[in-house]
Amino acid sequence: MPAAVIVGLQWGDEGKGKITDFIAGEADANVRFQGGANAGHTVDVGNQQFKFHQVPSGMLHRGVYGIIADGSVVDPPELLGEIEGLKKRGFSVSKLFISDRAHIVMPYHKQLDGAEETLRGTAAIGTTRKGIGPCYADKHSRIGFRMGDLLDVSGLREKIDFVARIKNAYASAIGVDVRIDADELYSEMVSYSEALRSHIADTPSLINGMMARRKRLLFEGAHGIMLDIDHGNYPFVTSSNTVSGDVYSSAGLSPRYGIKTIGILKAYSTRVGSGPFPTELSDSVGEHLALKGMEVGTTTGRRRRCGWLDLFAARYAVMLSGVNEIVLTKLDVLSGIDRLKVAVGYSVNGKRLSQYPSSLKDLMSAQPVYREFRGWDDQIDEGIVMYRQLPAEARRYVEFIEKFLRVRVRIVSVGHSRDSTILRGSASFF
Ligand code: GDP
Ligand code: IMO
Ligand code: MG
């Protein structure tokens, strides 16, 4: 298959960035199709670290096209900062293309994100405050700005005037201190138009054209499936679809092309922000995972909540995204824990559930049904290059995951670097 999509099977931070970089060397293009600067994908190469927010994580490979497709939301000042950072470190971004249909995160979206979170009080979602919810809301209300608007600055002026009226009326109705000055906003947008114009393109034509020429495309999910706006733990979700099927609508990829889904699963669970987390640990094991796994948010610097692996949730994510292969990450972090637990089901009010629930109330009161495993003491490090070198207990853990999810674990990742990646089977992903 000439195309593959990488999706996170949990609540984000599964290691999508590391694996995208690992596979992108084989690809002709790396495409982000949803989300925005709320994403934080880390790639470590040698002793250098890169934090990707909007630029596709595979762009460190020379010659790989980077595409930010229609379903993404673009934050111009943040994107320009990211582009500058890459250039300073000697990387070219001349092959970065941004869809003219992608929506723009406007400065007032970020202000409103923060203000609305404050108004929610104890019901706050714990968003990244990057303006994602307000931007997607305006897209659906049909008052959004698109990257293509930056190509027509006279039309932009008119549009800013009418949108400013609506947004200012909304802000004063909900009593928040957000006021758009149309002149200032216009000059700001004109500066982005100048800086980004050469990157704006008709990306669906580019993507389908590449597919027709049998080029290899690697799509990169921005967020975990459990944060999907429709299928995740609503309302503690992000504002876009994160499942693999979204590639077709959000990137404008024709359904005539088949695509392989690679699911990234972290060996335990983490979650940033509020929302249900049945396997969360507030004991010394949770502390071990947070410290050894260095579980601090890439985008906001918030400490991630940690817990046991939740295979009941992962099985739901695998079903939703039709996962063909799994990459298991951060297995090394489990070394040194005496007994490991894995959730294989939930019970609510003493009753075992047959399917992953949609009700927030059920999710909040769900008790995990655990399966226990013996842990291992030996450190798993870069010296381990073959699967059979892993401790027997670690292999048992991996093989249970495969059996439960009925999907092969194709890669076991045992460290943050490119080298700490154990392949099982053939080297090609396409
Ligand atoms: P993403 O949002 O899914 O791309 O994940 P993040 O980059 O936000 O968080 C994953 C973190 O774990 C990053 O700092 C990675 O460098 C690191 N990482 C990835 N795979 C492994 C692994 O197998 N072991 C360890 N110890 N760290 C890993
Ligand atoms: P990566 O790319 C973890 C979470 C936020 C919040 C909820 C809504 O690193 O996997 P938003 O700002 O999107 O409106 O916030 O979604 N969230 C993430 N959590 N990793 C992410 O991205 C996330 N992106 C959003 O913490 O709970
Ligand atoms: Mg992340």
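Ligand 2 is surrounded by 20 residues in this predicted model. D13, K16, T128, A222 and T238 are the closest of them. Both domain 1 (3-91 + 203-423) and domain 2 (103-199) contribute to this shell, so ligand 2 lies between the two.

**Shell around ligand 2**
- Polar residues number 10 in the shell.
- Seven shell residues are nonpolar, and three are charged.

**Polar contacts of ligand 2**
- T238 places a polar side-chain atom 2.6 Å from an oxygen atom of ligand 2.
- A222 uses its backbone: a polar atom there is 2.6 Å from an oxygen atom of ligand 2.
- G40 also offers a polar backbone atom, 3.0 Å from an oxygen atom of ligand 2.
- On its own, ligand 2 would expose 550 Å², and the protein buries 97% of that area.

**Magnesium site (ligand 3)**
- Two protein residues supply donors to the magnesium ion: D13 through OD and G40 through O.
- These donors lie 2.0 to 2.2 Å from the magnesium ion.
- D13 sits in the loop between β1 (3-8) and α1 (16-24).
- G40 belongs to the loop between β2 (29-32) and β3 (41-45).
- The pair is 27 residues apart and links distant parts of the chain.

**Residues that serve both ligands**
- G40 contacts an oxygen atom of ligand 2 through its backbone and is a donor to the magnesium ion.
- G40 has a relative accessible area of 12%, so it counts as buried, the cut-off being under 20%.
- D13 is among the closest residues to ligand 2 and is a magnesium donor as well.

Notes: Residues numbered from 1 in each chain as written. Chains lettered and ligands numbered in written order. Predicted model: local features only at pLDDT ≥ 70, side-chain atom pairs only at ≥ 80, totals over all residues. Heavy atoms only, no water. Near = heavy atom within 4 Å. Polar contact = N/O pair within 3.5 Å; in protein donor to acceptor, adjacent residues only side chain to side chain. Areas by Shrake-Rupley, 256 points an atom, 1.4 Å probe, with all protein chains shown as cover. Nonpolar A, V, L, I, M, F, W, Y, C, P; charged D, E, K, R; others polar. Domains from an automatic or database assignment. Donors = N, O, S within 2.8 Å, 3.2 Å for Na, K, Ca; no water. Helix = DSSP H or I, 4+ residues; strand = E, 2+ residues; numbered from the N terminus. Buried < 20%, exposed > 50% of the residue type's maximum accessible area, 1.4 Å probe, protein only.
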